[in-house]
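Visitor: I have a structure to look at and no background on it. Can you walk me through it?

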Amino acid sequence: MTVSLEQLRRCHVAVDLGAARTRVYIKGLGLVVDEPSAAAMNTRTGSLIAVGTLAEQMTGRTPDYIRVVRPVTGGTVIDIEMAQRMLRQLLGEKLRRQLRRKPRMRAAACTPHDSDPLAQRATVETLVGLGARRVELVDTLIAAAVGCGLPVEQPTASMIMVCGAATTQIAVLSLGSIVTAVRIPIGGDAIDHAVIQHLRQHHELMLPSQAVRPLQVALSGGALTAHGPATTEIHGRDVATGLARSVHVDTAAVQQAIHAPLTAVLDGLGKILRDCPPDLVADIADCGIMMVGGSALLPGLDQMLRKATGVPVHIAERPDVCSVLGLGAMLDGKIQPLVLDPLAC
């Protein structure tokens, strides 16, 4: 599918439906929604209880008749009706009233690289159900590259890595198009699962899911201290007794557990570099790799990639919102037309 900058400038709203967070950018207003992609539903009545941050806080803390669902997985809408209900609640009545004033509202949405037609159709139907008369789809890689300020329209290589919750997308861009790209089904959720499994197997401790990310930040320090290996005290539930218990966890061991699922990401990175023409690889060696996405902030990830590839690795200034800000820049006409006319997705 191909969409031009002129078509995008006619759009009124940009949506980034991610597995972890949903973001909405409205032309002239900026980023108006940045909330977790979660909804809490009463299974007895079918009513929606909460969405966004409040629904995410309910995870694991609700009675049986309240279920917390995530209608988006890996950038693909798996429950169109629930995604529409979640978006309506996140936008609120005031913003929905503003959008209804546009009789022929157009929307733009990010889609993962190489997504299948069914996934693209689900995204389109979700936004059409909210009142959009036309939906333009843009590759997440190009939107993120524009959002973090990479010179995608220049005849030089720009390498970007979009680290999402469910997938990691890597691409090399030049002259406004994707030269080579790969999508890997490994993301921040797989890293969280690796930490939980490590604590369960080696310490017989069950960790609450919402405590995994703060734990990773706590483990971001060095593996050694003046008194020997660094340790962190972790609170959780004992697997055998079910009682609350705290253990001292070796920082280096947990860091190794975090790195284990990233082997596939390193393989994909190597494949991209092998498939690139030599001139573009030389550009990448000078400019480095730009990391965007919420999982780009995982402690030590950039250092591991730098060590494995030997090229500079940079993290965008606001890595979690680069994709939707890139779409917003296209809607507002803040970037010049590309040297090669289309944006391909």
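Guide: What follows goes from the whole chain to its cores and then to two loop residues. Keep in mind that this is a predicted model.

Visitor: Fine. How many helices and strands does the chain have?

Guide: There are 12 helices and 22 strands in the chain.

Visitor: And how compact is the chain?

Guide: Its radius of gyration is 21 Å, and the globule rule gives 20 Å for 345 residues; the two are close, so the chain is as compact as a globular protein of that length. Along the principal axes, the C-alpha trace spans about 60 × 60 × 30 Å.

Visitor: What share of the residues is buried?

Guide: Buried residues are 47% of the 345 in the chain.

Visitor: What about contacts between residues 24 or more positions apart?

Guide: Such pairs account for 62% of the contacts with a separation of 6 or more.

Visitor: Now the outside. What is the accessible surface of the chain?

Guide: The accessible surface is about 16200 Å², and carbon and sulfur atoms hold 52% of that.

Visitor: And the charges, how far apart are their mean positions?

Guide: The chain has 33 positive and 31 negative charges, and their mean positions lie 10 Å apart.

Visitor: Back inside. Which residues touch the most other members in the largest nonpolar core?

Guide: That core has 36 residues, and the ones touching the most other members are M159, M161, I170, V172, M291, L301 and L305.

Visitor: Take V172. What does V172 touch?

Guide: Leaving out residues up to four places away in sequence, V172 touches A157, S158, M159, S177, I178, V179, T180, I272, C276, L280 and I284.

Visitor: What does the second core include?

Guide: The second core is separate and has 32 residues, among them L5, C110, L327 and M330. As background, nonpolar side chains in soluble globular proteins tend to be buried together.

Visitor: Change of topic: the backbone. What is phi of D114?

Guide: Phi of D114 is near 60°, which is a positive value in a residue other than glycine. D114 sits in the loop between β10 (106–111) and α4 (117–128).

Visitor: Is D114 buried or exposed?

Guide: Exposed: the relative accessibility of D114 is 63%, and the cut-off for exposed is over 50%.

Visitor: You mentioned two loop residues. Where is the other one, L175?

Guide: L175 is in the loop between β13 (168–174) and β14 (177–184). L175 is not a glycine either, yet has a positive phi of about 55°.

Visitor: And how exposed is L175?

Guide: L175 has a relative accessible area of 25%, so it counts as partly exposed.

Note on methods
Residues numbered from 1 in each chain as written. Predicted model: local features only at pLDDT ≥ 70, side-chain atom pairs only at ≥ 80, totals over all residues. Heavy atoms only, no water. Helix = DSSP H or I, 4+ residues; strand = E, 2+ residues; numbered from the N terminus. Rg over C-alpha atoms; globule rule 2.2 N^0.38 Å. Buried < 20%, exposed > 50% of the residue type's maximum accessible area, 1.4 Å probe, protein only. Contact = heavy atoms within 4.5 Å. Areas by Shrake-Rupley, 256 points an atom, 1.4 Å probe, with all protein chains shown as cover. Lys, Arg positive; Asp, Glu negative; His and termini not counted. Charge placed at Lys NZ, Arg CZ, Asp CG, Glu CD. Core = buried A, V, L, I, M, F, W, Y, C linked by side-chain atoms within 4.5 Å.
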